Amino acid sequence: MANAIDQTRRMLSLVTYLRERPGAHVSDVARAFGITEDELISDLDILPLCGTSFRGGDLLDIDTDGDRIWWHNAEDVAQPLRLAADEATALLVAARAVATLPGLREGDRQALVRATAKLEAAAGEAAGASSRLSVTFESEGGVFADVDRAINERRLLWLRYYSPARDELTEREVDPIRLFTVGRTYLEGWCRLSEARRTFRLDRVAEIRLLDEASDPPPLELRDLSEGLVQPAADDPEVVAEVGPGGRWVAEYYPHDSAEELPDGGLRITLRTPDPASLRRLALRLGRDGRIISPQDLADSAREAARLALAPYGE
(Lines give C-alpha, C1' and ligand atoms only; values in the text may rest on other atoms or scores of the structure.)
Protein backbone atom coordinates (compact mmCIF):
# COMPACT_ATOMS: atom_id res chain seq x y z
CA MET A 1 0.00 0.00 0.00
CA ALA A 2 2.81 2.42 0.83
CA ASN A 3 4.36 1.89 -2.62
CA ALA A 4 1.04 2.67 -4.33
CA ILE A 5 0.62 5.85 -2.29
CA ASP A 6 4.18 6.94 -3.01
CA GLN A 7 3.68 6.32 -6.72
CA THR A 8 0.43 8.33 -6.75
CA ARG A 9 2.11 11.29 -5.05
CA ARG A 10 5.05 11.04 -7.44
CA MET A 11 2.84 11.02 -10.52
CA LEU A 12 0.93 14.08 -9.33
CA SER A 13 4.24 15.92 -9.01
CA LEU A 14 5.36 14.47 -12.34
CA VAL A 15 2.44 16.14 -14.15
CA THR A 16 3.56 19.60 -12.99
CA TYR A 17 7.21 18.82 -13.66
CA LEU A 18 6.62 17.68 -17.26
CA ARG A 19 4.32 20.60 -18.07
CA GLU A 20 7.15 22.99 -17.27
CA ARG A 21 9.82 20.95 -19.12
CA PRO A 22 8.65 19.91 -22.59
CA GLY A 23 10.90 17.28 -24.17
CA ALA A 24 12.63 16.48 -20.87
CA HIS A 25 15.17 13.66 -20.96
CA VAL A 26 14.13 10.41 -19.27
CA SER A 27 17.43 10.19 -17.41
CA ASP A 28 17.11 13.75 -16.05
CA VAL A 29 13.53 13.23 -14.85
CA ALA A 30 14.38 9.91 -13.18
CA ARG A 31 17.32 11.52 -11.43
CA ALA A 32 15.17 14.46 -10.26
CA PHE A 33 12.60 12.14 -8.69
CA GLY A 34 15.16 9.72 -7.24
CA ILE A 35 13.80 6.69 -9.12
CA THR A 36 15.12 4.36 -11.80
CA GLU A 37 14.37 4.91 -15.46
CA ASP A 38 12.28 1.71 -15.46
CA GLU A 39 10.15 3.08 -12.62
CA LEU A 40 9.68 6.32 -14.52
CA ILE A 41 8.63 4.48 -17.70
CA SER A 42 6.11 2.54 -15.57
CA ASP A 43 4.65 5.86 -14.38
CA LEU A 44 4.51 7.13 -17.96
CA ASP A 45 2.58 4.01 -18.98
CA ILE A 46 -0.12 4.90 -16.43
CA LEU A 47 -0.38 8.68 -16.95
CA PRO A 48 -2.04 8.47 -20.41
CA LEU A 49 -4.90 6.61 -18.70
CA CYS A 50 -5.54 9.63 -16.45
CA GLY A 51 -7.43 12.78 -17.23
CA THR A 52 -9.77 15.48 -15.97
CA SER A 53 -13.10 13.70 -16.45
CA PHE A 54 -14.47 10.34 -15.33
CA ARG A 55 -16.29 10.18 -18.68
CA GLY A 56 -13.03 9.21 -20.39
CA GLY A 57 -12.27 12.44 -22.24
CA ASP A 58 -9.38 14.87 -21.76
CA LEU A 59 -6.79 12.15 -21.14
CA LEU A 60 -3.13 13.11 -20.78
CA ASP A 61 -1.45 12.67 -24.18
CA ILE A 62 2.04 11.80 -22.89
CA ASP A 63 4.55 9.52 -24.63
CA THR A 64 8.26 8.83 -24.78
CA ASP A 65 10.74 7.53 -27.33
CA GLY A 66 12.87 6.11 -24.53
CA ASP A 67 15.10 9.18 -24.44
CA ARG A 68 12.78 12.18 -24.17
CA ILE A 69 9.25 12.73 -22.86
CA TRP A 70 6.62 14.61 -24.84
CA TRP A 71 3.28 15.96 -23.58
CA HIS A 72 1.18 16.88 -26.62
CA ASN A 73 -1.93 18.38 -25.00
CA ALA A 74 -0.51 20.10 -21.93
CA GLU A 75 -2.23 23.41 -22.73
CA ASP A 76 -5.63 21.80 -23.20
CA VAL A 77 -5.45 19.92 -19.91
CA ALA A 78 -4.20 23.03 -18.11
CA GLN A 79 -7.54 24.77 -18.66
CA PRO A 80 -9.45 25.45 -15.40
CA LEU A 81 -11.56 22.46 -14.34
CA ARG A 82 -15.31 22.91 -14.69
CA LEU A 83 -17.52 20.43 -12.88
CA ALA A 84 -20.61 19.24 -14.72
CA ALA A 85 -23.89 19.37 -12.79
CA ASP A 86 -23.98 15.61 -12.21
CA GLU A 87 -20.33 15.59 -11.06
CA ALA A 88 -20.96 18.38 -8.55
CA THR A 89 -24.14 16.68 -7.32
CA ALA A 90 -22.35 13.37 -6.79
CA LEU A 91 -19.52 15.05 -4.87
CA LEU A 92 -21.88 17.02 -2.63
CA VAL A 93 -24.11 14.05 -1.81
CA ALA A 94 -21.07 11.89 -0.99
CA ALA A 95 -19.43 14.63 1.11
CA ARG A 96 -22.57 15.23 3.18
CA ALA A 97 -23.02 11.49 3.74
CA VAL A 98 -19.41 10.94 4.84
CA ALA A 99 -19.62 13.93 7.20
CA THR A 100 -22.32 12.09 9.19
CA LEU A 101 -20.45 8.77 9.27
CA PRO A 102 -19.97 7.42 12.82
CA GLY A 103 -16.33 7.09 13.79
CA LEU A 104 -15.12 10.01 11.69
CA ARG A 105 -12.61 12.05 13.68
CA GLU A 106 -13.89 15.51 14.54
CA GLY A 107 -10.99 17.30 12.85
CA ASP A 108 -11.65 15.39 9.63
CA ARG A 109 -15.37 16.10 9.91
CA GLN A 110 -14.83 19.84 10.23
CA ALA A 111 -12.40 19.85 7.29
CA LEU A 112 -14.99 18.02 5.20
CA VAL A 113 -17.73 20.47 6.20
CA ARG A 114 -15.55 23.41 5.12
CA ALA A 115 -14.69 21.75 1.82
CA THR A 116 -18.39 21.02 1.21
CA ALA A 117 -19.30 24.67 1.78
CA LYS A 118 -16.73 25.77 -0.81
CA LEU A 119 -18.00 23.19 -3.28
CA GLU A 120 -21.60 24.35 -2.75
CA ALA A 121 -20.58 27.93 -3.53
CA ALA A 122 -18.80 26.84 -6.71
CA ALA A 123 -21.58 24.47 -7.81
CA GLY A 124 -24.33 27.09 -7.89
CA GLU A 125 -27.67 25.60 -8.97
CA ALA A 126 -26.32 22.04 -8.77
CA ALA A 127 -25.98 22.47 -5.03
CA GLY A 128 -29.73 22.92 -4.74
CA ALA A 129 -30.42 19.69 -6.59
CA SER A 130 -27.98 17.75 -4.41
CA SER A 131 -29.75 18.86 -1.23
CA ARG A 132 -32.77 16.79 -2.26
CA LEU A 133 -30.70 13.59 -2.32
CA SER A 134 -29.29 11.59 0.57
CA VAL A 135 -27.32 8.44 1.26
CA THR A 136 -27.88 6.16 4.25
CA PHE A 137 -25.03 3.97 5.41
CA GLU A 138 -25.54 0.42 6.67
CA SER A 139 -25.98 -0.17 10.41
CA GLU A 140 -22.37 -1.41 10.61
CA GLY A 141 -21.35 2.27 10.94
CA GLY A 142 -21.85 2.12 14.74
CA VAL A 143 -19.73 -1.02 14.95
CA PHE A 144 -17.06 0.70 12.85
CA ALA A 145 -16.99 3.61 15.31
CA ASP A 146 -16.50 1.31 18.31
CA VAL A 147 -13.78 -0.72 16.60
CA ASP A 148 -11.98 2.41 15.44
CA ARG A 149 -12.08 3.78 18.98
CA ALA A 150 -10.83 0.48 20.43
CA ILE A 151 -7.87 0.48 18.05
CA ASN A 152 -6.96 4.09 18.85
CA GLU A 153 -7.35 3.63 22.62
CA ARG A 154 -5.77 0.13 22.61
CA ARG A 155 -8.77 -1.45 24.35
CA LEU A 156 -10.13 -4.99 24.32
CA LEU A 157 -13.42 -5.66 22.50
CA TRP A 158 -16.28 -8.00 23.43
CA LEU A 159 -18.33 -9.28 20.48
CA ARG A 160 -21.43 -11.35 19.86
CA TYR A 161 -20.67 -12.55 16.35
CA TYR A 162 -22.75 -14.50 13.85
CA SER A 163 -20.96 -17.34 12.05
CA PRO A 164 -22.92 -18.36 8.91
CA ALA A 165 -20.86 -21.54 8.50
CA ARG A 166 -22.14 -22.83 11.87
CA ASP A 167 -25.35 -20.77 11.89
CA GLU A 168 -24.73 -19.64 15.46
CA LEU A 169 -23.89 -16.62 17.59
CA THR A 170 -20.72 -16.79 19.66
CA GLU A 171 -19.36 -14.49 22.33
CA ARG A 172 -15.67 -13.69 22.22
CA GLU A 173 -13.07 -11.19 23.37
CA VAL A 174 -10.88 -9.73 20.64
CA ASP A 175 -7.66 -7.71 20.68
CA PRO A 176 -8.25 -5.44 17.65
CA ILE A 177 -5.43 -5.07 15.14
CA ARG A 178 -6.84 -3.16 12.16
CA LEU A 179 -9.87 -2.31 10.03
CA PHE A 180 -9.77 -2.97 6.29
CA THR A 181 -12.11 -3.18 3.33
CA VAL A 182 -12.21 -5.87 0.67
CA GLY A 183 -15.70 -5.49 -0.76
CA ARG A 184 -17.02 -5.40 2.84
CA THR A 185 -15.48 -3.86 5.96
CA TYR A 186 -13.65 -6.22 8.31
CA LEU A 187 -11.97 -6.22 11.70
CA GLU A 188 -8.76 -8.20 11.97
CA GLY A 189 -7.84 -9.13 15.52
CA TRP A 190 -6.54 -11.72 17.94
CA CYS A 191 -9.49 -13.84 19.12
CA ARG A 192 -8.97 -15.01 22.70
CA LEU A 193 -11.67 -17.69 22.28
CA SER A 194 -9.89 -19.47 19.43
CA GLU A 195 -6.42 -18.25 20.46
CA ALA A 196 -5.67 -17.28 16.86
CA ARG A 197 -5.86 -14.40 14.43
CA ARG A 198 -9.39 -14.03 13.09
CA THR A 199 -11.24 -11.77 10.65
CA PHE A 200 -14.73 -10.48 11.50
CA ARG A 201 -17.17 -8.95 9.02
CA LEU A 202 -18.67 -5.85 10.65
CA ASP A 203 -22.20 -6.47 9.39
CA ARG A 204 -22.17 -9.84 11.23
CA VAL A 205 -21.41 -8.28 14.62
CA ALA A 206 -24.68 -8.55 16.56
CA GLU A 207 -23.41 -6.71 19.65
CA ILE A 208 -20.18 -4.97 20.61
CA ARG A 209 -18.73 -3.47 23.79
CA LEU A 210 -15.46 -1.73 24.60
CA LEU A 211 -13.88 -3.21 27.71
CA ASP A 212 -11.71 -1.41 30.23
CA GLU A 213 -8.94 -3.97 29.78
CA ALA A 214 -6.05 -2.97 27.52
CA SER A 215 -5.69 -4.92 24.28
CA ASP A 216 -2.51 -6.93 23.94
CA PRO A 217 -2.37 -8.83 20.63
CA PRO A 218 0.74 -10.93 20.03
CA PRO A 219 3.21 -9.53 17.48
CA LEU A 220 1.84 -10.56 14.08
CA GLU A 221 2.92 -9.73 10.56
CA LEU A 222 0.06 -8.05 8.70
CA ARG A 223 -1.22 -10.11 5.80
CA ASP A 224 -0.88 -8.79 2.26
CA LEU A 225 -4.48 -8.48 1.06
CA SER A 226 -3.64 -7.49 -2.52
CA GLU A 227 -4.54 -11.03 -3.65
CA GLY A 228 -7.88 -10.97 -1.85
CA LEU A 229 -9.24 -11.82 1.57
CA VAL A 230 -9.20 -15.60 1.17
CA GLN A 231 -5.66 -16.92 0.80
CA PRO A 232 -5.54 -20.64 1.63
CA ALA A 233 -2.43 -22.10 3.24
CA ALA A 234 -0.71 -25.26 2.03
CA ASP A 235 -1.60 -27.12 5.24
CA ASP A 236 -5.33 -26.18 5.18
CA PRO A 237 -7.80 -29.10 4.83
CA GLU A 238 -8.52 -30.18 1.24
CA VAL A 239 -12.04 -30.14 -0.21
CA VAL A 240 -13.07 -31.71 -3.51
CA ALA A 241 -16.26 -30.59 -5.27
CA GLU A 242 -17.81 -31.41 -8.63
CA VAL A 243 -19.84 -28.76 -10.43
CA GLY A 244 -21.90 -28.88 -13.60
CA PRO A 245 -21.70 -26.37 -16.47
CA GLY A 246 -23.83 -23.94 -14.45
CA GLY A 247 -21.37 -24.05 -11.57
CA ARG A 248 -18.13 -23.37 -13.44
CA TRP A 249 -18.10 -19.89 -11.91
CA VAL A 250 -16.85 -21.49 -8.66
CA ALA A 251 -13.40 -21.96 -10.23
CA GLU A 252 -13.27 -18.24 -11.02
CA TYR A 253 -14.50 -17.10 -7.60
CA TYR A 254 -12.63 -19.46 -5.24
CA PRO A 255 -8.83 -19.91 -5.14
CA HIS A 256 -8.16 -23.58 -5.94
CA ASP A 257 -5.35 -26.09 -6.46
CA SER A 258 -6.81 -27.71 -9.57
CA ALA A 259 -9.88 -27.75 -11.82
CA GLU A 260 -10.24 -30.86 -13.99
CA GLU A 261 -12.66 -30.93 -16.91
CA LEU A 262 -15.56 -33.42 -16.65
CA PRO A 263 -17.30 -35.10 -19.63
CA ASP A 264 -20.56 -33.18 -19.04
CA GLY A 265 -18.82 -29.79 -19.30
CA GLY A 266 -18.45 -29.39 -15.57
CA LEU A 267 -15.37 -29.32 -13.34
CA ARG A 268 -13.85 -31.35 -10.52
CA ILE A 269 -12.37 -28.66 -8.26
CA THR A 270 -9.83 -29.24 -5.51
CA LEU A 271 -9.35 -26.38 -3.05
CA ARG A 272 -8.11 -25.71 0.46
CA THR A 273 -9.80 -23.78 3.26
CA PRO A 274 -9.12 -23.34 7.00
CA ASP A 275 -12.87 -23.85 7.60
CA PRO A 276 -14.34 -26.57 5.33
CA ALA A 277 -17.76 -26.16 6.96
CA SER A 278 -17.99 -22.72 5.34
CA LEU A 279 -18.38 -24.46 1.97
CA ARG A 280 -21.64 -26.11 3.04
CA ARG A 281 -23.47 -22.92 2.06
CA LEU A 282 -21.76 -23.07 -1.33
CA ALA A 283 -23.12 -26.58 -1.87
CA LEU A 284 -26.64 -25.43 -0.97
CA ARG A 285 -26.33 -22.47 -3.32
CA LEU A 286 -25.24 -24.70 -6.20
CA GLY A 287 -28.16 -27.10 -5.77
CA ARG A 288 -28.20 -29.53 -8.70
CA ASP A 289 -25.23 -27.71 -10.25
CA GLY A 290 -22.73 -29.06 -7.73
CA ARG A 291 -21.91 -31.38 -4.86
CA ILE A 292 -19.18 -31.93 -2.27
CA ILE A 293 -17.17 -35.13 -2.89
CA SER A 294 -14.81 -35.03 0.09
CA PRO A 295 -14.27 -34.88 2.99
CA GLN A 296 -17.13 -37.32 3.59
CA ASP A 297 -18.43 -35.64 6.76
CA LEU A 298 -18.77 -32.33 4.90
CA ALA A 299 -20.58 -34.04 2.02
CA ASP A 300 -22.98 -35.72 4.48
CA SER A 301 -23.53 -32.41 6.29
CA ALA A 302 -24.37 -30.62 3.03
CA ARG A 303 -26.87 -33.33 2.02
CA GLU A 304 -28.55 -33.19 5.43
CA ALA A 305 -28.79 -29.39 5.27
CA ALA A 306 -30.37 -29.64 1.81
CA ARG A 307 -32.85 -32.28 3.07
CA LEU A 308 -33.92 -30.09 5.97
CA ALA A 309 -34.29 -27.08 3.70
CA LEU A 310 -36.54 -29.00 1.28
CA ALA A 311 -38.60 -30.79 3.93
CA PRO A 312 -41.23 -28.01 4.33
CA TYR A 313 -41.91 -28.23 0.59
CA GLY A 314 -42.54 -31.97 0.64
CA GLU A 315 -39.61 -32.78 -1.69
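These legends accompany close-up views of a predicted model.

**Figure 1. Overview of the predicted protein model.** The chain folds into eleven helices and eleven strands. Of its 315 residues, 33% are buried. Among contacts with a sequence separation of 6 or more, 55% link residues 24 or more positions apart. The accessible surface amounts to about 19500 Å², and carbon and sulfur atoms hold 51% of that area.

**Figure 2. Strand β8 and its two partners, β10 and β11.** Strand β8 covers residues 238-243, and β10 covers residues 267-272. The two strands run antiparallel and are joined by six bridges. At one of the positions shown, E238 of β8 stands opposite R272 of β10. Strand β11, residues 290-294, is also antiparallel to β8, with four bridges between them. A241 has a bridge partner in each neighbour: I269 in β10 and I292 in β11. Five of the six residues of β8 are buried, so the strand is largely enclosed by the rest of the structure.

**Figure 3. The hairpin of β9 and β10.** Strand β9 spans residues 258-261 and pairs with β10 over four bridges in the antiparallel sense. S258 faces T270 of β10 across this pairing. Five residues lie between the two strands of the hairpin. G265 takes a positive phi there, near 95 degrees. Strand β10 thus appears in two pairings, one with β9 and another with β8.

**Figure 4. The largest cavity, with its lining residues.** A search of the whole structure returns one cavity of 30 Å³ or more. The space in the largest cavity is about 50 Å³. Its lining consists of V239, V240, A241, V243, V250, I269, L271, L279, L282 and L286. Strands β8 and β10 and helix α10 each give two or more residues to this lining. The largest share, four residues, belongs to β8. By class the lining has ten nonpolar residues, with no polar and no charged ones. Two of the lining residues, A241 and I269, are also bridge partners in the pairing of β8 with β10.

**Figure 5. The second largest pocket, lined in part by α10, β11 and α11.** This pocket holds about 410 Å³ of space. Of the 14 residues in its lining, A283, G287, R288, G290 and A306 are the closest to the centre. Two or more lining residues come from each of α10 (280-286), β11 (290-294) and α11 (296-310). Helix α11 supplies the largest share, with six residues. The lining divides into eight nonpolar, two polar and four charged residues. Helix α10 contributes to this pocket and also to the lining of the largest cavity.

**Figure 6. The cis peptide bond from S294 to P295.** Omega of this bond is near 5 degrees. P295 lies in the loop that links β11 to α11. Both of these elements give two or more residues to the lining of the second largest pocket.

**Figure 7. Two loop residues with positive phi, R154 and E195.** R154 is not a glycine, yet its phi is positive, near 55 degrees. The residue sits in the loop between α8 (140-153) and β3 (155-163). R154 has a relative accessible area of 63%, over the 50% cut-off, and so is exposed. E195, likewise not a glycine, has a positive phi of about 55 degrees. Its place is the loop between β5 (184-191) and β6 (196-201). With a relative accessibility of 62%, E195 also counts as exposed.

**Figure 8. A122 in helix α6, shown with A88.** Helix α6 runs over residues 106-123 and includes A122. The relative accessibility of A122 is 67%, so this alanine counts as exposed. A88 and A122 are 34 residues apart in sequence, and the C-alpha to C-alpha distance between them is 8.9 Å.

Definitions and conventions: Residues are numbered from 1 along each chain as its sequence is written. This is a predicted model: local features need pLDDT of at least 70, side-chain atom pairs count only at pLDDT 80 or more; totals for chains, interfaces and linings use all residues. Side-chain values use heavy atoms; hydrogens and water are left out. Buried means under 20% relative accessible area, exposed over 50%, partly exposed in between (1.4 Å probe, protein chains only). Contact means heavy atoms within 4.5 Å. Accessible areas come from the Shrake-Rupley method with a 1.4 Å probe; for residues, only the protein chains shown count as cover. On a 1 Å grid over the protein atoms alone, a cavity is a set of points where a 1.4 Å probe fits but cannot get out, and a pocket is an open set with protein on both sides within 12 Å along at least five of seven lines; lining residues have an atom within 4 Å of a point. Grid points are joined across faces, edges and corners, and a volume is the space filled by probe spheres set on the points. Ala, Val, Leu, Ile, Met, Phe, Trp, Tyr, Cys and Pro count as nonpolar, Asp, Glu, Lys and Arg as charged, and the others, Gly among them, as polar. Two strands pair if DSSP finds at least two bridges between them.
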